[in-house]
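Visitor: I should like a close look at one part of this molecule, the nonpolar core and its surroundings. Please describe it in one connected account.

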Amino acid sequence: MTMLWVGIGGVVGALLRYQVSRAINARTSSPFPWATLAINLSGSWLLGWLTSHLHKLVPTLHNVPMLVLGVGLCGAYTTFSTFSYEAVSLFRARQEILSLTYVALSCLGGLALSAMGLYGLPHSHP
C-alpha cells in the first residue's frame, strides 16, 4: 500500500512539474533555467512546510499524507538531475557565470526556503 501512496503523489508531482515548467518556459527565452529553479525552490519550501505542519493538520492519517505529498509529490516535482544537467550544460556552453549563479541560487535558495517552510520563517503572529 505504501508504494501506491507514493506512486499517486509521484504522478501528480511529475505532471505538476511538467505544467509549471511549460508555463515558465513559454514566458522566457533566456538560457537561464528559470523553470527548474522555480520548481526546486518552491518544492524545497513545500517539503519543509509539509514536514513541519502536515502531522498537525491530519494527525489521524499517520504517515499517509507525508508519503503522498512529501515523498511522492515533492520527490517527483523537484528534480536534482535536471538541475545538475542544466548547470553542467551552461558551463559547457561557456556560460560560467550563469552556471555558478544557478548553482548558488539553487543550493542556497533551496536551503533557505526549506528552513522557512520548516520553521515558519518569517514567523507570523496572529
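Guide: The account below begins with the core, continues with a residue beside it, and then turns to a helix pair and to the cysteines. The model is a predicted one.

The largest nonpolar core comprises seven residues, namely Phe32, Leu37, Leu41, Phe83, Ala87, Leu90 and Tyr102. Two helices, α2 (34–57) and α4 (80–92), each contribute at least two of these residues. The greatest contribution is that of α4, which provides three. As a general matter, nonpolar side chains in soluble globular proteins tend to be buried together.

Within this core, leucine 37 offers a useful point of entry. When neighbours within four places in sequence are set aside, leucine 37 is in contact with Phe32, Tyr102, Leu105 and Ser106. Of these partners, Phe32 and Tyr102 are themselves listed in the core.

Serine 106 deserves separate attention. This residue belongs to helix α5, which covers residues 96–119. Serine 106 has a relative accessible area of 13% and therefore counts as buried, the limit being under 20%. Not counting residues up to four places away in sequence, serine 106 touches Leu37, Leu41 and Phe83, and these three residues appear in the list of core members. The serine 106 side chain also has a polar atom 2.8 Å from the backbone oxygen of tyrosine 102. Tyrosine 102 is likewise a member of the core.

A further packing arrangement involves helix α1 (residues 2–25) and helix α3 (residues 64–77), which meet at an angle of about 35 degrees with their axes 6 Å apart. The crossing of α1 past α3 is right-handed. On the α1 side, the residues making the contact include Gly9, Gly10, Gly13 and Ala14. On the α3 side, they include Val68, Val71, Gly72 and Ala76.

The cysteines complete the description. The structure holds zero disulfides. A disulfide is a covalent bond between the sulfur atoms of two cysteines. For cysteine 74, the closest cysteine sulfur is that of cysteine 107, at 18 Å, and this is too far for a bond. The cut-off for a disulfide is 2.5 Å, so the sulfur of cysteine 107, 18 Å from its closest counterpart in cysteine 74, does not qualify either. As to exposure, cysteine 74 is buried, with a relative accessible area of 4%, whereas cysteine 107 is partly exposed, at 38%.

Note on methods. Residues numbered from 1 in each chain as written. Predicted model: local features only at pLDDT ≥ 70, side-chain atom pairs only at ≥ 80, totals over all residues. Heavy atoms only, no water. Core = buried A, V, L, I, M, F, W, Y, C linked by side-chain atoms within 4.5 Å. Buried < 20%, exposed > 50% of the residue type's maximum accessible area, 1.4 Å probe, protein only. Helix = DSSP H or I, 4+ residues; strand = E, 2+ residues; numbered from the N terminus. Contact = heavy atoms within 4.5 Å. Polar contact = N/O pair within 3.5 Å; in protein donor to acceptor, adjacent residues only side chain to side chain. Axes fitted to C-alpha atoms, helices over the stretch in contact; angles between N-to-C directions. Left-handed = near helix turned anticlockwise from the far one by under 90°.
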